[in-house]
Amino acid sequence: MSAAATRRLTTAQALVRFLAAQYTERDGVRHRLIAGTWGIFGHGNVAGLGQALVEYREAMPYHQGRNEQAMVHAAVGHARHLNRLSAQAVTTSIGPGATNLVTGAALATVNRLPVLLLPGDYFASHAADPLLQQLEHPVEADVSVNDALRPVSRYFDRITRPEALLTSALNAVRVLSDPAETGAVTLALPQDVQAQAYDWPEEFFADRVWRVRRPAPDPVELAEAVRAIRAAARPLIVAGGGVHHSEAEPALQALVDATGIPVASTQAGKGALRHDHPADLGGIGHTGTVVSDALARTADLVIGVGTRYSDFTTASGTLFQHPGVRFLNLNITAFDAHKLAAATLVCDARSGLAALTEALAGHRVDAAYETEYRTGRARWEEAVEGAFRADDDSAVPTQTQVLGALDTVVGDEDVVINAAGSLPGDLHKLWRARSPRQYHLEYGYSCMGYEIPAALGVQQAAPDTPVWALVGDGTYLMNPTEIVTAVQENLPVKLVLVQNHGYASIGGLSESVGAERFGTDYRHRVADGSFTGAPLPVDLAANAASLGMDVLRAKTVRELREALSTARAATRPTCVYVETAPAGTALPAEAWWDVPVAEVSAREAATRARAAYERAVADRRRHL
């Protein structure tokens with residue numbers, strides 16, 4: 001190979017240069033695939049990727065994280081907001097830095113969102129053996145802690161020679177940019193290989209465009225889908241996250257406007273229709289609305305668009321109760337399309353919806369069905385107003401009144417981020433999504449600690465957009481450290497910190513399954529070993545301030561509205577801290593969720609819960 005055709009770089013330098021030249025393109029619009037790299041440096045990456053990122057800092061933006069899991073969450077938030085067309089990389093040291101990636105990788109893969117993981121690894125040469133932080137397996141010398149990332153990665157490779165990167169890097173980017181395959185991608189990088197020099201072909205560093213396909217539906221599948229829809233008396237669309245990833249919201253609205261078919265949404269799909277569209281029924285399933293779940297029980301055809309049908313959506317197999325109910329799934333992955341023994345339409349969501357609209361020309365659901373669901377959604381809107389309304393502005397707000405106050409402050413462009421806890425249930429039922437990207441809930445993996453770092457990733461993706469992270473006290477205590485990064489990079493995220501002295505969601509679940517809220521309160525331990533004493537003297541607002549945020553304390557509904565307005569206008573990271581009134585969610589679940597209860601117990605609470613469980617599980621159906 002001639003010198004003119006090669007460039008001598010270390011493996012780490014070559015990887016950074018390669019990643020900086022990768023692009024996606026969809027509908028003629030180009031995006032940089034790897035928009036930046038998050039990193040915490042230590043043993044295993046400081047002298048390899050650390051040096052390379054310094055060498056090429058103008059080509060590859062770097063973001064300093066504080067927790068490895070949180071860096072992945074930030075990258076996932078960035079990718080989701082940009083409809084998977086742009087992603088970020090995350091580099092860590094070997095050992096605990098690498099294993100801290102596992103939860104974030106699982107979240108990314110479960111949610112079908114791209115993130116590139118670059119953990120350090122042991123010496124490929126075994127020159128230093130055993131190595132600090134090396135896992136010594138007695139019979140498999142090539143195993144390292146990074147192998148824990150294999151089951152949660154969509155592509156995994158360990159780069160044991162520099163030239164191995166030539167094919168692995170291309171495969172990694174292929175998976176990241178493929179809407180049917182994407183998720184976490186891991187390239188484990190032995191620290192000696194990172195620093196080794198190699199004569200790289202110049203073509204490796206050329207700009208490369210990965211076109212994101214919009215596969216059209218198969219004509220036979222399309223014809224069968226049209227026949228099924230025309231034959232259905234009570235069809236219902238379940239919109240999932242794939243609607244957003246495909247930017248198919250206008251196509252969905254066109255189909256709905258033409259046919260009158262109503263739309264219920266999963267946590268990932270909420271906002272697929274604007275909240276005030278007459279066919280939008282809101283959330284579906286265990287955290288769904290009354291009108292959505294009522295129609296789901298009587299639907300004879302369920303049309304899933306870009307959804308993977310989790311147990312929350314299906315109410316653990318108890319929601320869709322029509323005797324002859326059938327399923328039609330439009331999904332870019334055959335794996336998800338075939339769920340619930342459905343007829344399939346394996347294609348891009350936008351392409352498939354447009355084809356259905358054209359093929360269904362002249363078809364519309366019965367007027368009585370439209371009247372039924374429109375009347376139901378009007379009644380539900382009254383319930384939302386009641387949950388949001390505060391009759392006394394001087395009172396301590398409930399959690400749903402916190403959402404009501406935020407509802408009065410946000411604009412169409414704002415993004416509201418949340419994950420695990422009691423807030424996702426209230427948000428799924430009550431939030432009025434004004435735009436496709438406003439409602440950002442991570443509920444595929446239901447991961448506490450996602451909200452704050454994800455807000456950073458979204459803020460990087462949309463610098464001029466107000467970004468809100470809604471965080472309960474339980475979540476905050478798990479992962480607040482990325483506040484420091486927000487301050488460091490002057491990312492003006494808005495944190496709404498809700499203090500209710502415990503795990504509200506899991507506490508309610510604990511009570512319902514006979515576990516008596518054990519271990520779910522943040523209170524002093526008393527003589528019998530339970531946590532039922534006075535609340536702990538913990539000041540989370542002071543903690544947020546100590547990490548560099550501006551903090552606004554709100555004690556009443558009026559003060560809360562004022563603080564939220566101030567935070568929205570703020571140009572630096574700002575926290576609104578509010579202690580809520582000790583009230584549960586205003587609107588109970590409309591559908592069941594399977595959490596098995598102790599079959600035998602000496603405690604009355606568990607015995608009662610088991611009897612209720614057996615009544616509920618009797619309604620489960622296997623859709624075959």
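These legends describe close-up views of a predicted model.

**View 1. The largest nonpolar core has 81 residues.**
Six residues stand out by having the most contacts inside this core: I237, L252, L356, W468, L470 and L564. Helix α15, residues 367–388, supplies the largest share of the core, six residues. Apart from this core lies another one, of 47 residues. V76, A105, A454 and L456 are among the members of that other core. In soluble globular proteins, nonpolar side chains tend to be buried together.

**View 2. I237 and its contacts.**
I237 is among the residues with the most contacts inside the largest nonpolar core. Neighbours within four places in sequence are left aside here. I237 is then in contact with L252, L255, V256, I261, P262, V263, A264, I303 and V305. Two of these partners, I303 and V305, point one way from strand β15.

**View 3. Strand β15 is largely enclosed by the rest of the structure.**
The strand covers residues 301–305, and five of its five residues are buried, so the rest of the structure largely encloses it. L301, I303 and V305 point one way. V302 and G304 point the other way. In a regular strand the side chains alternate between the two faces of the sheet. Strand β12, residues 235–239, runs parallel to β15 and is joined to it by five bridges. In this pair, P235 stands opposite L301. Five bridges also join β15 to β16, residues 326–331, and these strands run parallel. Here I303 has L328 as its bridge partner.

**View 4. An open sheet of six strands, from β5 to β8.**
The strand order is β5-β4-β6-β7-β9-β8, and the pairing is parallel. β5 (62–64) and β8 (155–158) stand at the edges; each has a single partner strand, so one side of each is left without a neighbour in the sheet. Neighbouring strands are turned by 20 degrees against each other on average, direction ignored. At the β5 edge, three bridges join β5 to β4, residues 34–39, and the two strands run parallel. W38 has H63 in β5 as its bridge partner. Helix α3, residues 68–81, lies across β4, β6 (87–92) and β7 (115–121). Its direction is at about 170 degrees to β6.

**View 5. Strand β9 is mostly covered.**
Seven of the seven residues of β9, residues 184–190, are buried. A184, T186, A188 and P190 point one way, while V185, L187 and L189 point the other way. β7 and β9 run parallel and are joined by five bridges. L117 stands opposite T186 in this pairing. β8 also pairs with β9 in the parallel sense, over four bridges. There, Y155 stands opposite V185. β8, helix α6 (residues 165–176) and β9 make a right-handed β-α-β unit.

**View 6. T186 in strand β9.**
T186 has a relative accessible area of 0%, so it counts as buried. The side chains of T186 and S153 are joined by a polar contact of 2.8 Å. Residues up to four places away in sequence are not counted in the next list. T186 touches L117, P119, L149, S153, Y155, F156 and D157.

**View 7. A further open sheet of six strands, from β19 to β22.**
The order here is β19-β18-β20-β21-β23-β22, with parallel pairing. The edge strands are β19 (439–441) and β22 (550–554); each has a single partner strand, so one side of each is left without a neighbour in the sheet. The twist averages 20 degrees from one strand to the next. At the β22 edge, β22 and β23 (residues 574–579) pair in the parallel sense over five bridges. R553 stands opposite Y577 in β23.

**View 8. Helices α17 and α18 pack on the sheet.**
Helix α17, residues 423–430, touches β18 (415–418), β19 and β20 (467–472). Its direction makes about 150 degrees with that of β19. Helix α18, residues 451–461, touches β18, β19, β20 and β21 (494–499). The direction of α18 makes about 175 degrees with that of β20. Eight of the eight residues of α17 are buried, so this helix is largely enclosed by the rest of the structure. These buried residues are L423, P424, G425, D426, L427, H428, K429 and L430.

Terms used. Residues numbered from 1 in each chain as written. Predicted model: local features only at pLDDT ≥ 70, side-chain atom pairs only at ≥ 80, totals over all residues. Heavy atoms only, no water. Core = buried A, V, L, I, M, F, W, Y, C linked by side-chain atoms within 4.5 Å. Buried < 20%, exposed > 50% of the residue type's maximum accessible area, 1.4 Å probe, protein only. Contact = heavy atoms within 4.5 Å. Pairing = 2+ DSSP bridges. Axes fitted to C-alpha atoms, helices over the stretch in contact; angles between N-to-C directions. Right-handed = clockwise from strand over helix to strand, strands pointing away. Polar contact = N/O pair within 3.5 Å; in protein donor to acceptor, adjacent residues only side chain to side chain.
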